[in-house]
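Me: I would like a close look at a single part of the structure shown here, set in the context of the whole chain.

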Amino acid sequence: MSEPVQEKLSLGTKILYGAPSVAGAAMAIPVAIHVNPFYSDTVLVPLAWVALASALARVLDAIIDPFVGWLSDHTHTRWGRRRPWIAVAAPIAAIVFVALFTPPTWLTNSGAAVWFGTMMMLFFTLNMLYGLPHAALGPELTLDYHERSSLFSVREGFALVGTIVAVIVP
């Protein structure tokens with residue numbers, strides 16, 4: 001039996017694959033920790049509405065996940081299956097993230113609740129549209145066990161940097 005070919009990924013490829021995890025983590029942490037108190041305490045949306053909007057956004061996220069996986073698996077472009085989703089959804093997710101934390105000041109409580117729910121649903125949908133294809137791209141870059149481990153270590157290192165940024169900035 002012959003030995004499998006040892007594929008080596010360049011450091012540049014590992015960095016290009018891992019670097020988006022800085023932004024992903026830097027956006028996910030504030031949404032997980034700060035957005036609900038921001039809307040209830042600063043924007044003054046009733047907490048029950050904040051909880052309902054958050055729950056609906058997570059339910060939509062759970063429903064859409066398998067569909068996004070199917071879309072990503074069945075996309076055929078000259079850039080591959082995953083890259084178009086990452087390229088389109090990531091910048092839009094960043095815009096929605098900013099919109100989530102900057103609701104118009106003229107909104108009423110119910111308008112702010114609708115804004116919050118809409119932005120949360122859009123954020124989680126877009127996060128899935130770039131996050132799932134990005135995660136699926138890693139195993140497609142190399143079949144070598146050690147290279148994959150190295151690739152995912154670089155990605156997680158960047159995610160740690162994003163987490164630290166998200167903790168320090170507020």
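Which helices do the buried residues of α1 pack against?

Reply: In this predicted model, the buried residues of α1 pack against three partners: α2 (20-33), α6 (109-141) and α7. Helix α1 itself covers residues 11-18, and its buried residues are K14, Y17 and G18. Around the helix axis they cover an arc of only 90°, so they lie on the same side of α1.

The setting of this helix is as follows. The protein contains seven helices and zero strands, and from the N terminus its elements run α-α-α-α-α-α-α. Along the principal axes, the C-alpha trace spans about 70 × 35 × 25 Å. Of the 170 residues in the protein, 35% are buried. Among contacts between residues at least 6 apart in sequence, 80% join residues at least 24 apart.

One of the partners of α1, helix α7, also deserves a comment on its surface. Helix α7 comprises residues 145-168, and I168 has its place in this helix. The relative accessible area of I168 is 63%, and because the cut-off for an exposed residue is over 50%, I168 counts as exposed. Together with L160, I164 and V167, I168 forms a nonpolar patch on the surface, and the four residues have about 410 Å² of accessible area together. For the protein as a whole, the exposed area is about 9800 Å², of which carbon and sulfur atoms supply 72%.

Conventions. Residues numbered from 1 in each chain as written. Predicted model: local features only at pLDDT ≥ 70, side-chain atom pairs only at ≥ 80, totals over all residues. Heavy atoms only, no water. Patch = residues over 30% accessible without salt bridge, like charges linked within 9 Å, V, L, I, M, F, W, Y side chains within 5 Å. Areas by Shrake-Rupley, 256 points an atom, 1.4 Å probe, with all protein chains shown as cover. Salt bridge = Lys/Arg side-chain N within 4 Å of Asp/Glu carboxyl O. Helix = DSSP H or I, 4+ residues; strand = E, 2+ residues; numbered from the N terminus. Buried < 20%, exposed > 50% of the residue type's maximum accessible area, 1.4 Å probe, protein only. Arc of directions from axis to C-beta. Contact = heavy atoms within 4.5 Å.
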